[in-house]
Amino acid sequence: MKILRTVKEIQEFALNAKKAGRTIGLVPTMGALHEGHLTLMRTARAKCDVVIASVFVNPTQFGPNEDYEKYPRRFAEDEKKMETVGIDAVFHPEPSEMYPERYCTYVTVEGDFTHKLCGATRPIHFRGVATVVTKLINLARADEAFFGQKDAQQVCVVRRFVEDLNINCHINMVPIVREPSGLARSSRNEYMSPEERARAAVLYESLKLGKAAYDKGERDAEILKKIVRGRLEAEPFVKQIDYVEILTFPYLDDIKTVEGECLMAIACYVGKTRLIDNVILGQGE
Ligand code: AMP
């Protein structure tokens with residue numbers, strides 16, 4: 001497994017793979033790797049000749065009062081985990097390598113769907129994501145890139161700009177990997193105390209209640225949202241609910257009645273930790 005730290009190194013690596021006629025899969029991450037990340041990497045491993053993972057805590061996707069400084073960084077441990085998957089190369093640049101002095105170019109996905117869900121409280125987040133993912137796809141010459149359903153809005157945004165900018169890379173969405181309690185795996189779960197972490201299972205429980213009502217035939221979005229919100233509000237460890245939403249997937253249009261594929265998504269604080277989770281309704285129906 002090669003460790004690439006500079007733009008020049010990843011460009012050379014990708015060019016050589018391309019010259020040899022190999023397909024390249026990219027798995028962007030911010031590190032502090034868990035089973036969710038490793039599942040993306042295994043999916044990429046099964047589909048592509050060459051797999052490049054990136055480990056980069058991207059400063060441009062964090063707001064001024066968010067957890068950029070506090071975000072866990074432990075590259076030595078991450079390296080060992082990636083060795084077990086058989087990744088070919090890891091791109092692990094310094095922020096100054098990605099954003100050198102005089103850097104001033106950003107990819108902004110317009111329209112109101114970047115202001116919905118997480119975009120409502122994280123106004124610059126998706127600009128940072130779109131910018132770094134564009135750079136990573138370019139650098140890695142990726143034919144395929146792999147993202148988790150855990151961040152479903154991110155998948156919608158990435159698919160949007162890849163199509164709009166005619167970027168020749170297929171965007172794969174990998175299902176959410178959960179802890180035994182049902183809590184979606186996340187690098188941020190470690191911010192919680194053991195008790196908070198146990199209570200955080202309420203996110204998935206609330207979504208399952210909504211899904212059960214949907215499965216029984218309920219199609220009124222307001223009623224389904226009320227069911228989910230009701231369960232979250234009943235949990236004293238849930239300190240603030242940012243949103244409980246049902247929107248079409250992948251365009252994130254508002255709806256009154258659930259039809260076709262729809263994203264049922266929530267964001268809330270358990271203690272001081274902001275958590276997100278979602279379920280896609282009508283998948284494969
Ligand atoms: P992050 O390091 O949090 O930026 O995540 C990197 C990638 O891993 C993103 O595409 C995430 O959606 C994905 N991911 C994170 N957690 C999970 C999970 N529990 N299940 C599936 N994918 C995940």
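Q: A polar contact is a pair of N or O atoms within 3.5 Å; within protein, one must be able to donate a hydrogen and the other to accept it, and residues adjacent in sequence count only if both atoms are side-chain atoms. How far is the side chain of H37 from an oxygen atom of the ligand?

A: A side-chain N or O atom of H37 sits 2.9 Å from a ligand oxygen. Keep in mind that this is a predicted model, where local features need pLDDT of at least 70, side-chain atom pairs count only at pLDDT 80 or more, and totals for chains, interfaces and linings use all residues. Numbering runs from 1 along each chain as its sequence is written, and side-chain values use heavy atoms, leaving out hydrogens and water.

Q: Which ligand atom does the backbone of R185 approach?

A: A nitrogen atom, 2.8 Å from a backbone N or O of R185. The backbone of G148 also joins in, with an N or O atom 2.9 Å from a ligand oxygen.

Q: How much of the ligand does the protein bury?

A: Alone, the ligand exposes 480 Å², and 93% of that gets buried by the protein (Shrake-Rupley areas, 1.4 Å probe; for residues, only the protein chains shown count as cover).

Q: Which residues come nearest to the ligand?

A: Look for residues with a heavy atom within 4 Å. Here 17 residues surround the ligand, and M30, H37, D151, V177 and R185 come nearest.

Q: Which element gives the most to that shell?

A: Helix α2, with three residues (DSSP runs, numbered from the N terminus: helices are H or I, at least four residues; strands are E, at least two). β2 (24-29), α2 (35-47) and β5 (144-148) each bring at least two.
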